[in-house]
Amino acid sequence: MNNPDFLARSLAAVWHPCTQMKQHETLPLVPIARGVGVWLYDFDGRPYLDAVSSWWVNLFGHCNPRINAALKDQLDKLEHVMLAGFTHQPVVELSERLSRLSGLGHCFYGSDGASATEIALKMSFHYWRNSGRPEKTRFVSLQNAYHGETVGALSVTDVALFKDTYAPLLRESAQVPTPDWRYAEPGESARDFALRCAKVLREHLEQHHQETAAFIIEPLVQGAAGMGMYDAEYLRQARALCDEFEVHLIADEIAVGFGRTGTMFAWEQAFPSPQPLSRGERGLIPPLPRAGEGLGERGSTKPDFLCLSKGITGGYLPLSVVMTTDTVYQAFYHDDTARGFLHSHSYTGNALACRAALATLDIFEEDGVIEANRAKAAFFHQAAVPLKAHPRVTNFRNAGMIWAFEVEDAAPGFARRCFEAGLKRGLLLRPLGNTVYFMPPYVINEEEFRMLVSGTLEILETL
Ligand SMILES: *Cc1c(COP(=O)(O)O)cnc(C)c1O
């Protein structure tokens, strides 16, 4: 199957995402036959360590036996039913459990991350319209933000390579300075920089709050920007400012949710939650949020909208969800049909995807994953010291199960050459520009992490 004929068939039939297809004239596709744990295998049995969790989605390894078993069980019960007018067990259980974990309720499902962004933007706008504030139609995001690539999501994304071509199609949105500490002044702490950036957000909202519906932000880590990390103080400031100026705060945790930054949701690091999800706590999980909690109220500690996807199904099936407060929900609850949120996707709340998500949450609970990852990450961090000390490595940083750094003097084409050099060494690395990052499945073990570090060190010597 690795034969040129198969690859030619693939190239003729499949148009790949985020790819200039012509580059595959010289860059071979990697055909994958199977996966197990952190490993992907091609048809000749050659292994590749999936250091990017297959685009940040995989949490507990490929072909995880527990998720497989749950899906096989679900497959014989119900694969899918439309969610308008119908309901089923996996979607109800998942919604209740996500509510308990996040403190937000009213789960509205989509299929991909970008559809969650669209839902949150439309819901925010429609909330204000239903509340007699139809002039609140604008959105603000951070510089270098990434929120997906459908037309609405791209409008609040700020990555030139993805956005510029489509600019004439997009609705203008405002960007405020990112608190990503790589942009701090020399000697300025990440927190001071966050405070300085928050001042600019204040100035923006002072001027534009009347027409602004929402501020959308990736909590703690701006993934596509090259794993830009920032101080949680910025989230506290943003929450307070959004309250003060009556602007929604949309937390896009599509990449950082489900333990990636060390807490179940990155947001919790700004507003620590008293209830971490851990072993044996199933019976002690906090109650569903009370009516009227959260939204738009002074002193709220939750985002108004929380967008989740990627890791939600453990990397198995496309599923996304937007969670919000009673206040938002109530603004749509009315005799008038058009005041309702008349948005849908055919696969909304797909039963198989919800069941995979439930199996994923079971693993979090049964294995005490958040705590176990803390110990693992501390060990991995030690193991990564030689990288941190490498003369070409700058801005070495870590948040939970994400490590990233920039490579000095990286020649043009570094990302591609690093990808190819990684494959030769059995590593799936996919740098963003000159940023190399590790975002492995949580099941990676010490030996595998050491391989990742030593392989990356070798690559730095040769590129
Ligand atoms: C990946 C991502 C999205 C888009 O999700 P898709 O499933 O790729 O549409 C949105 N926001 C963030 C922060 C992401 O990392």
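Start at one small spot: a polar atom in the side chain of Asn350 lies 2.9 Å from the backbone nitrogen of Ala353. The model is predicted, and every value here is computed from it.

Where does Asn350 lie? Find the loop between α10 (326-332) and α11 (351-366); Asn350 sits in that loop. Its relative accessible area is 13%. The cut-off for buried is under 20%, so Asn350 counts as buried.

Which residues does Asn350 contact beyond its neighbours within four places in sequence? They are Glu79, His80 and His88.

Now step back to the whole chain. The secondary structure comes to 15 helices and 16 strands. The radius of gyration is 22 Å, and the globule rule gives 23 Å for 463 residues. The two values are close, so the chain is as compact as a globular protein of that length. Taken along the principal axes, the C-alpha atoms fill a box of roughly 60 × 60 × 45 Å.

Next, look at contacts along the chain. Take those between residues at least 6 apart in sequence. Of these, 72% join residues at least 24 apart.

What share of the 463 residues is buried? The figure is 53%. Asn350 is one of the buried residues.

Finish with the surface and the charges. The chain exposes about 20600 Å². Carbon and sulfur atoms supply 55% of that area. The chain carries 43 positive and 54 negative charges. The mean positions of these two sets are 2 Å apart.

Technical notes: Residues numbered from 1 in each chain as written. Predicted model: local features only at pLDDT ≥ 70, side-chain atom pairs only at ≥ 80, totals over all residues. Heavy atoms only, no water. Helix = DSSP H or I, 4+ residues; strand = E, 2+ residues; numbered from the N terminus. Rg over C-alpha atoms; globule rule 2.2 N^0.38 Å. Buried < 20%, exposed > 50% of the residue type's maximum accessible area, 1.4 Å probe, protein only. Contact = heavy atoms within 4.5 Å. Areas by Shrake-Rupley, 256 points an atom, 1.4 Å probe, with all protein chains shown as cover. Lys, Arg positive; Asp, Glu negative; His and termini not counted. Charge placed at Lys NZ, Arg CZ, Asp CG, Glu CD. Polar contact = N/O pair within 3.5 Å; in protein donor to acceptor, adjacent residues only side chain to side chain.
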